[in-house]
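Please open the structure in your viewer and keep the selection tool at hand. The tour proceeds by one selection at a time.

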Amino acid sequence: MDRITKAARLMIVSDLDHTMVDHHDPENMSLLRFNALWESNYRHDSLLVFSTGRSPTLYKQLRKEKPMLTPDITIMSVGTEITYGSSMLPDDGWVKILNQKWDRNIVIEETSKFPDLTLQAETEQRPHKVSFYVDKTKAQVVMKELSSRLEKRGLDVKLIYSGGMDLDVLPQGAGKGQALSYLLNKLKTEGTLPVNTLACGDSGNDAELFSIPDVYVVMVSNAQEELLQWHAENAKGNPNIIHAKERCAAGIIEAIGHFNLGSNTSPRDVADFVECKLDRVNPGYEVVKFYLFYERWRRGEAANCETYIASLKASCVCYSPSFSFIGSHCYFCLSNRC
């Protein structure tokens, strides 16, 4: 967060699987559209937060599989771990909060008495999260009994059921919503509370994100039944919450426009870069435009090449007088074919 010294213009807090990342989109087009929009219009003065149920191990695995941006803040393991920047520095203050009235050994002991609970992979078991699979037809009964037993043992826990099969046992103070509240309070204390915050999700473990005051919310079009049911019971008619018409990252882009949080035109949706103008132009925007132009040029799909290169030269001289084209060669791709 150190790269921004004042209040962010926009902070996007997004779930990953089936929200930012569409696993049914083999070309990753909606994700790439969002990436281009963020890098060109928002990165210089806004914050990107990924809030995922994945453990650090599975989060890093997803980063290898999908063309994801590096977020400013990463919330993992259903809100039980908060880290900062590309080095993923942990938030020790958050750890101290979660240690209150939590004993992982007691959780393991009591849950072992439930034959309907199946432990998830070892990578998903974290210091403040114990995760299981349970059939949705038995989930409610199991959760009620387990909650009672843990309370009798002196623990204050939270049970989160999502995806029609995943059950997470967490400290009461944990969860995606509490983690976001903690971050917002921390930023407010530092005098850098974001001007606007947009929370994005698709499943039951995202519902807590949607209960934070003064936060805009988007449920992507492919939101699961459990989240839609929560919305119908708790937030129907709330103008700050929408059910997008678009899937995954495309739904996030839709929400940016719906709530008037800024531009929602991704450079990837622009046919002619020469005609594309911004109210507030920044160097990042020109870099993204050039990258996309070069991508199209390599596929033989670029139009108005000479006009665009002239426009690029003018922009680069504006941002940095030291920038130059070497003879007829483009400084970026070292080719005279531009």
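Begin by selecting strands β8 and β9 of this predicted model, which together form a hairpin. Between the two strands lie 3 residues. In the turn, select Gly 163, whose phi is positive, at about 70 degrees.

Next, display residues 157-162, which make up β8. This strand runs antiparallel to β9, and the pairing extends over 6 bridges. Within the pair, select Tyr 161: its bridge partner in β9 is Leu 167.

Now keep Leu 167 selected and add Phe 132, which stands opposite Leu 167. Show strand β7, residues 130-133, as well. The pairing of β7 with β9 is also antiparallel, and it comprises 4 bridges.

Is β9 mostly covered or mostly uncovered? Select residues 166-171 to examine this strand: 5 of its 6 residues are buried, and β9 is thus described as mostly covered.

Move then to His 23, in the loop that lies between β1 (11-14) and α1 (29-41). The relative accessibility of His 23 is 33%, and therefore the residue counts as partly exposed, a class that lies between the limits of 20% and 50%.

Which residues should be displayed around His 23? Leaving aside residues up to four places away in sequence, His 23 touches Asp 17, His 18, Arg 54, Leu 62 and Lys 66. Select Asp 17 from this group: a polar contact of 2.6 Å joins its side chain to that of His 23.

Finally, select Cys 248, which is 225 residues from His 23 along the chain. The C-alpha atoms of His 23 and Cys 248 are separated by 9.4 Å.

Note on methods: Residues are numbered from 1 along each chain as its sequence is written. This is a predicted model: local features need pLDDT of at least 70, side-chain atom pairs count only at pLDDT 80 or more; totals for chains, interfaces and linings use all residues. Side-chain values use heavy atoms; hydrogens and water are left out. Buried means under 20% relative accessible area, exposed over 50%, partly exposed in between (1.4 Å probe, protein chains only). Two strands pair if DSSP finds at least two bridges between them. Contact means heavy atoms within 4.5 Å. A polar contact is a pair of N or O atoms within 3.5 Å; within protein, one must be able to donate a hydrogen and the other to accept it, and residues adjacent in sequence count only if both atoms are side-chain atoms.
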